[in-house]
Amino acid sequence: MAAPIRVLTAVPICDGHDSAINTINLEFIRHGIEVVYMGYHRYATDMVRAAIQEDVRALGISSYNGGHVEFFSEVAALLKKQGADYIKLFGGGGGTITTVDAAAMRRKGVDKIFFAGTPLSEMVDYVHQHYGGARKRGGKAPTAEMKLARKLTEIEDSYAGGKRKRPMPNAQRRMPKGKKSGRKSGTRVFGFTGPGGAGKTTLIDELVLRLLNREPKVRIAILSHDPSVVGLGALLGDRATMINSQDERVFMRSMATRGQAGGLSPATEDCLQLLAHSDFDYVIIETVGTGQEAMPFQMGLVDKTVLVMNPDYGSRLQLQKIVMLDLADIVVVNKSDQERARTAISEIERRLDQNKRSQTTVSTVANRHRDAGVDELCDLLLEKR
Ligand code: B12
């Protein structure tokens, strides 16, 4: 089975019309396409940077609030300027984009505009027919970021269709104590896991903001996972939550699990090796929303593991069943402004006492600006640096 086609979709700055693109994303996913979705109100520069890092075949823009000729043209010009015009530009905006506008946009380098009334199946077919063939290079020599992005694609795709054996399950692949997968010295790797909806992505984005502010030259890589079944598409939506991580010093890659259970993809470890040997100070891995049995980070894969929990996990009994509570270095109770949070923290602390090892709890409200809990988490992660 061939690797899925990956596209990136977004809505431009000053535009909140996301209903159309949400419908189109779902249709693409249903037909085997992996969609990296950036959300709405996004700058042209951020879209182009994301498309390069994600090494997508095409960038799809949905625009309704006017200025589409200028916006699409700016994106096309940026892609060309950076030598990334191997990424095709397409999109739509219903009746707001006229045929005259579309002709002007095509002259500026836009590949295809879909007008009002186009059946969804026509768009899906177009993507399969035009963005699924052999990859082309841009007009210029690739930058280091493009080379890294392409290498990650090659690693990911080498696992598609059983072409390469997937690694043994995590539990069977214990690294010798202290061995950090042979990574470049100085690069620190943090693994974030926890149930869906606990706020992992928002927390990571706030952490990234602090790292960027504290260390002016810091470079950060994020490897973010979302679930998918072999042969089907996926909605890779973490970029839609990431605000601070849309930054020149951050390299983010969204990965589908492509059929692997447990929170990561078959290609994660190899991709992590590559990132850890590249020029990054920190690599942050975010798993998919995980269940009670998940232990996604094998020994030595990451330097510190963070389990992010929602205060609303049910009764105390539930805590006995969460394996990561035995393994995590730091347990974050996010959304700690919720009524149940104080009880949750004391119940979790009592649960951790059973382990008789050094584990720390932190309370955060990640969606609050300048949250002191996120500052504390950042300090804890940077300890002993
Ligand atoms: C739904 C809607 C809203 C909803 C948006 C909900 C949401 N979360 O998206 C609400 C009510 C919130 C809203 C608000 C506003 N809206 Co409004 N809205 C619409 C409406 C009725 C439909 C747009 C839509 O979703 N179409 C459904 C899609 C699936 O179909 P389609 O548009 O025909 O698109 C086809 C193709 O183009 C293609 N396509 C579209 N995008 C993409 C992307 C890719 C990658 C691909 C491959 C294909 C593709 O898919 C479709 C296939 O058939 C349009 C009017 C209209 N009939 O188009 C106005 C319209 C876009 N809105 C308009 C305006 C002015 C506003 C407001 C500014 C109103 C106000 N004063 O508050 C606000 C702005 C909101 C904001 N934050 O940006 C104007 C824009 C005028 C302009 N550009 O000159 C319109 C045209 C209405 C009008 N005639 O005045 N709006």
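How many of the 5 residues of strand E1 (residues 6–10) are buried? In this predicted model, 5 of the 5 are buried, so strand E1 is largely enclosed by the rest of the structure. The burial extends to both faces of the strand: Arg6, Leu8 and Ala10 lie on one side and Val7 and Thr9 on the other.

Strand E1 pairs with two further strands described here. With strand E2 (residues 34–37), E1 runs parallel and is joined by 4 bridges. Arg6 has Glu34 of E2 as its bridge partner. Between these two strands the chain passes through helix H1 (residues 19–30), and the resulting β-α-β crossover is right-handed. Strand E3 (residues 58–62) is also paired with E1 in the parallel sense, again over 4 bridges, and Leu59 in E3 stands opposite Leu8. E3 in turn pairs with strand E4 (residues 88–92) through 5 bridges, likewise in the parallel sense; Ser62 has its bridge partner, Gly92, in E4.

These strands belong to an open sheet of 6 strands with parallel pairing, in the order E5-E4-E3-E1-E2-E8. The edges are formed by strand E5 (112–114) and strand E8 (234–236); each has a single partner strand, so one side of each is left without a neighbour in the sheet. On average, neighbouring strands of the sheet are turned by 25° against each other, direction ignored.

The domain assignment of the protein chain comprises domain 1 (6–144) and domain 2 (184–382). Taken over C-alpha atoms, the centres of the two domains are separated by 30 Å. Contacts between them involve 17 residues of domain 1 and 15 residues of domain 2. On the side of domain 1 that touches domain 2, the elements giving two or more residues are H1, E2 and H2.

The largest nonpolar core contains 101 residues, of which Val7, Leu59, Val75, Val283 and Val332 touch the most other members. Helix H2 (residues 44–54) makes the greatest contribution to this core, giving 6 residues. Residues from both domain 1 (6–144) and domain 2 (184–382) take part, so the core lies between the two domains. For Val75, leaving aside neighbours within four places in sequence, the residues in contact are Ala44, Met47, Val48, Leu59, Ile61 and Leu89.

Helix H2 is itself largely enclosed by the rest of the structure, because 9 of its 11 residues are buried. The buried residues of H2 are Ala44, Met47, Val48, Arg49, Ala50, Ala51, Ile52, Gln53 and Glu54. An α-helix has 3.6 residues a turn, so residues three or four places apart point the same way. Ala44, Met47 and Val48, which are buried in H2, are also among the contacts of Val75. Just after the helix, Asp55 adopts a positive phi of about 50°.

An exposed position is provided by Lys81, a residue of helix H3 (residues 68–81). With 11 other C-beta atoms within 10 Å, Lys81 is classed as exposed, because the limit for this class is 12 or fewer. In sequence, Lys81 is 21 residues apart from Gly60, and the C-alpha to C-alpha distance between Lys81 and Gly60 is 19 Å.

Methods:
Residues are numbered from 1 along each chain as its sequence is written. This is a predicted model: local features need pLDDT of at least 70, side-chain atom pairs count only at pLDDT 80 or more; totals for chains, interfaces and linings use all residues. A nonpolar core is a set of buried Ala, Val, Leu, Ile, Met, Phe, Trp, Tyr and Cys residues joined through C-beta atoms within 7 Å. A residue is buried if 20 or more other C-beta atoms lie within 10 Å of its own, exposed if 12 or fewer, and partly exposed in between; C-beta atoms are placed from the backbone. Domain bounds come from an automatic or database domain assignment. Two residues are in contact if their C-beta atoms, placed from the backbone, lie within 7 Å. Two strands pair if DSSP finds at least two bridges between them. A crossover is right-handed if, with the strands pointing away from the viewer, the path from the first strand over the helix to the second runs clockwise. Axes are lines fitted to C-alpha atoms, for helices over the stretch in contact, and angles run from 0 to 180 degrees between N-to-C directions.
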